[in-house]
Amino acid sequence: MNKRLTELEQWVARESLPLADWTLDGAPVAMGTRWQDQGQPRRFAHPSVEIPAHWPLHETRLQLWLGGEGLLRIGDQSHGLNPPHQSFPLPSRRFAIEADCVARLEQGVPARDAALTRAEVVWQEEDLQDYILLLQQVVEFTRTLGGHEVEGWGVPNWFPRRPHPDHSDPHPACDPVMSLAEASFHLLDWPTETQAYLRRIQHTAESREIWRLPDLSGPLTPLPETARASVLRARDHLREGLRALQTRFPQQGELALTGHAHIDLAWLWPMDETRRKAQRTFHTVTQLAKRFPEFRFNHSTAQLYDFVAQDDPQLLETIKTLVAGGQWEPIGNMWVEPDTNMPCGESLIRQVLYGAAHFARVFGTTSTVAWLPDTFGFSPALPQILAQAGLTSVFTIKTNWSERHKLPHDLFHWQGLDGSQVLMHTFENPANGYNAEIGPRAVLSTWKDYIDRDLVGESLLCYGHGDGGGGPTEEQVLKIRQLADFPVVPRLRHVNVSDWFGSLPPRMIRTPATWVGEIYLEYHRGTLTTQGRTKYLHRRAERALVTAEILGSLVALRGGALPAPLTAQWHVLLRNEFHDILPGSSIAEVYATAEAELAQVVAQGCATQALALDALAARHKGPHPGVVVVNPDLQARPMRLVLDQPVAGSQATAEGHLLASPEVLPGLSVTARTQTAAPGPLTVSASHLENAFIRAEIGADGTITSLVDKRTGREALAGRGNQVWAYVDKPRYFDAWDIEEDYTENGQELLAESIAVSETGPHRASVTVTRRFGASTLVQHYRLWANAARLDIRTEVDWHDRRILLKSRTPLAIHAQEALFECALGVISRPTHRNTPRDSARFEVAAHRFALVQERGFGVALLNDGKYGHHVLGNEIGLSLLRSPVYPDLFADEGRQAFTYALLPFSGDWEDQVLPEAQDLNQPLIARGAGVSPGQWQGLSLLGRVALSALKVAEAGESLILRVYEPAGGRVALRPRLAEGWQVEGGATLLEAPAAAVETLSPFQLASLRLRPSQAS
């Protein structure tokens, strides 16, 4: 069958017109010339071409391959040029050609042999092309169902959990379908004249194996009319026969189709190239939509639409027209398709706030579906955030990548931390997942793998080439039309995704199953650690923006003007949360940009904070030297300051001037002091650090040999704490992404090379430990503030070794079956044992600012200011400090970086002690020395255990938005006390629409309140 198809394909071109007058960047270039780019597109051009008068325009195509991806302009039409898109309809009989190309293929692969390979205008045999496509689908149908002595489909080794198909039991439809195809061949009346025939087949693989070919130059002879008529007979016989077989073998199941082009915002290419990929892809899709009225396409990512608005405004106008006509669906309502394991709750909220606002402003519509096909696991905070933002459904397929355990359902309710639910759907398509190669294999396999078909008898399937492949092709849309005539395959229809999800509830014959809590991906665990500098800067940027908004809001609450929004800065932060940027799975160029952008966001956030601090300090201006301190959190905090300038009694260090005091500062307050109380006892030697709260002993190997909570007398450690281990880190498949379960089998502990006292108080003491591994150096400063029960481990790394995972391990004198890990808007409880296979699979998990293990009445928390990969096994708690993979960035985590983690023993309820200390480590008090008049003012207070997510100016101005959540799994009344002249106007959704005010927070509930100046003020 394939051999016959090869023969037929040689006759598709009826006549052709070579195009040879090309220029490259203005200079003449010959066919076959090799070229490369230097990071920017190169311009190919061809002068005006006129097709012969006897060629029908609708049967004429430009066949073009210039060697790499490009934006192609044919007259007044634009298309994406890439491997799946090399054949283009013509807008008119006369046209010129331009193309801006890079020497890259799909997914950023370098085209090292890029060359001007093919350029011709072809009059095609359209009916023959249609017949060939139908036959190709017959072959694919038979291969998929295992019949007629055909070879089955292979499965990539890196794709987890995929058994190789068994083709020993073919479907009974295979033989009659193949017999029909063979019978159609018998209806062909094909040319046989020797010279005409040989000229047609001279370039086949079989002909090229002949020892010496004769001279077969000369014009190609087109198919005679008798042959064309026989093609129609053969095609119609096959089509009608397939349709007749539906009586014996009815179509089974239903699939709802949506065109798609997954464009990673950055990955194996820099973001500038993404902007070009978007233009190429979107131009291709707009042309396809014009030609096929049934075609539907969706695309997410407000950031990408914003790029298109800047780079190609007319293209955006075309997209807006297609949106209004229902063929193009902006989906997802997020700024990007983010990672959801590492961003804080407020970042995830801003993803939907700014994404939905952009969609509404640009397209006049918003989506109800969160589109996250490729995200590496899902935070349990997400259902509540989505539900409060009007997103009722979620689509993904990444859950099917788990190495061991697929989710038990693929259409189900997902319940988050607070009890909120959204409808979630996933499909499993072995024919390239969410970049489906549409055809019998994709549709048959997707339906076969659909678990919940008894709930709703239709699954979603998205198709199209992603990441530079240009999205759907003309051939794919034609194949969908042809599949309507096939037996056995599911019935297919084009849909709008939001409408499809909206149609599901009334079609359900029972209540869907419910998955509760996080959706953990048993894969890509290394993404919690890779590219540590970017992750650290991301955490700093989050805190800088949230804190800047809080300080600006305090100025307003104190009687000043409402602050300006920080929308532009948030946009930059949010785009760097994309699921291949923040996780560390992109190329070096991406991180050079990300780190520069995030550093700029931090600088802008801090500058905004400084301006707000000026305004707040002015209210406490006086003649006496002192300090002004702002607590930007709801929880009260002890005074613990790092100042730029010395003040009375401060301690000079390389970091700044330190000041600690027993005084506790109320939440969201401004305090001015001319004097501070003595910091309290603090002693240090090369082997110990001690204050009124804890005593830490340091061994000769640099580890913590004892950590005693002096308030309770409890020893916190069951062995040496802060053991630093370097493990060989060589994943089987995905270097930057993965950590193997057996990584602990090959490791080396880093022991101290030197230990010395580096700070002696009175506010903070420090002992510095230096370790080495290979060509790398690790310097750690054990730091203890006089007023803290928290032992900080400031870590400075100069790393020059590859394929190593660096971890800190601490055994605790605590027995517990579960540990708590902070996530967005709450905590996740996970087992400390490996009882079940699912437990064992979670050997590396995400946490935000802390993880903790506790018995009744006592526990220990591990805090950090920019790390995410953790483990707790038995009584050992661990933190991943660094990974150094070689793909796709050869130098990931090379060089210098610094971060801090800490051990905090506590007694009683963890949230009273761990939350304020975790916040203090990540966002210290804001302070400066100034001439002051002593006093204190509090802008807002809340009783009970309530955590602050945001205090910001409303997007529409004229009011403030206070956003809080219950952080620990309890209930608490929500009764804010506001500064004089302010009142609670009511509640708000996450999109800041009016809503009823929440009066009591249930476990992990998120609530937003609108604050306005009172009428009297």
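Biologist: Let me start with helix α7: how many of its 21 residues are buried?

Modeller: Of the 21 residues in α7, 18 are buried, which leaves this helix mostly covered. Keep in mind as we go that we are reading a predicted model.

Biologist: And how do I read the length of α7 against what is expected?

Modeller: Compare the end-to-end span with a rise of 1.5 Å a residue. Helix α7, residues 271-291, reaches 31 Å from its first C-alpha to its last, close to the expected 30 Å. Helix α15, residues 532-557, can be read in the same manner: its 26 residues reach 37 Å, close to the 38 Å expected.

Biologist: Why is α15 described as largely enclosed by the rest of the structure?

Modeller: In α15, 24 of the 26 residues are buried, so the rest of the structure largely encloses this helix. What follows α15 is worth a look too: Gly 559, with a positive phi near 110°.

Biologist: What should I look for when two helices, such as α2 and α12, pack together?

Modeller: Begin with the angle and the axis distance, then go to the residues that touch. Helix α2 (residues 126-145) and helix α12 (residues 440-448) pack at about 35°, and their axes are 8 Å apart. On the α2 side, the contact is made by Gln 137, Glu 140, Phe 141, Thr 144 and Leu 145. They meet Pro 440, Arg 441, Ala 442, Leu 444 and Ser 445 of α12. By class, this contact has five nonpolar, three polar and two charged residues.

Biologist: Is there a general reason why some residues of a helix point the same way?

Modeller: Yes: an α-helix has 3.6 residues a turn, so residues three or four places apart point the same way.

Biologist: On to sheets. What is the strand order in the open sheet of six strands?

Modeller: The order is β32-β31-β37-β44-β43-β40, and the pairing is antiparallel. β32 (747-750) and β40 (845-846) are at the edges with a single partner strand each, so one side of each has no neighbour in the sheet. Inside the order, β37 (residues 804-811) and β44 (residues 876-883) pair antiparallel over seven bridges. To find the register, place Ser 808 opposite Leu 879 in β44.

Biologist: Which strands are at the edges of the open sheet of four?

Modeller: Those are β46 (926-932) and β47 (935-938), each pairing on one side only. The full order is β46-β21-β25-β47, again with antiparallel pairing, and the twist averages 15° from one strand to the next. Strand β25 (residues 669-673) is joined to β47 by four bridges, with Ser 669 opposite Gln 938.

Biologist: How should I read a single strand residue, such as Leu 62?

Modeller: Ask about its place, its accessibility and its contacts. Leu 62 lies in strand β5, residues 60-65, and has 0% relative accessibility, so it counts as buried. Leaving aside residues up to four places away in sequence, Leu 62 touches several others, among them Leu 19, Leu 72, Ile 74, Phe 88 and Val 121. Leu 17 is 45 residues away from Leu 62 along the chain, and their C-alpha atoms are separated by 9.4 Å.

Biologist: Which backbone values deserve a second look?

Modeller: Cis peptide bonds and positive phi values are good places to start. Gly 761 and Pro 762 are joined by a cis peptide bond with omega about 15°, and Pro 762 sits in the loop between β33 (752-760) and β34 (764-773). Another cis bond runs from Tyr 887 to Pro 888, with omega near 5°; Pro 888 is in the loop between β44 and β45 (895-907).

Biologist: And where is Thr 301 found?

Modeller: Thr 301 is in the loop between β12 (297-299) and α8 (302-311). Its phi is positive, near 75°, in a residue other than glycine, and Thr 301 is buried at 4% relative accessible area. Glu 992, with phi near 70°, lies in the loop between β53 (982-988) and β54 (994-995). At 10% relative accessibility, Glu 992 counts as buried.

Biologist: Last one: how many disulfides are there?

Modeller: A disulfide is a covalent bond between the sulfur atoms of two cysteines. Here the count is zero. Cys 606 is in no disulfide, and the nearest cysteine sulfur, belonging to Cys 344, is 15 Å away.

Biologist: Is Cys 606 buried or partly exposed?

Modeller: Cys 606 counts as partly exposed, at 39% relative accessibility. Cys 174, by contrast, is buried, with a relative accessible area of 1%.

Notes. Residues are numbered from 1 along each chain as its sequence is written. This is a predicted model: local features need pLDDT of at least 70, side-chain atom pairs count only at pLDDT 80 or more; totals for chains, interfaces and linings use all residues. Side-chain values use heavy atoms; hydrogens and water are left out. Two strands pair if DSSP finds at least two bridges between them. The expected span of a helix is 1.5 Å times one less than its number of residues. Buried means under 20% relative accessible area, exposed over 50%, partly exposed in between (1.4 Å probe, protein chains only). Axes are lines fitted to C-alpha atoms, for helices over the stretch in contact, and angles run from 0 to 180 degrees between N-to-C directions. Contact means heavy atoms within 4.5 Å. Ala, Val, Leu, Ile, Met, Phe, Trp, Tyr, Cys and Pro count as nonpolar, Asp, Glu, Lys and Arg as charged, and the others, Gly among them, as polar. A disulfide is a pair of cysteine sulfur atoms within 2.5 Å.
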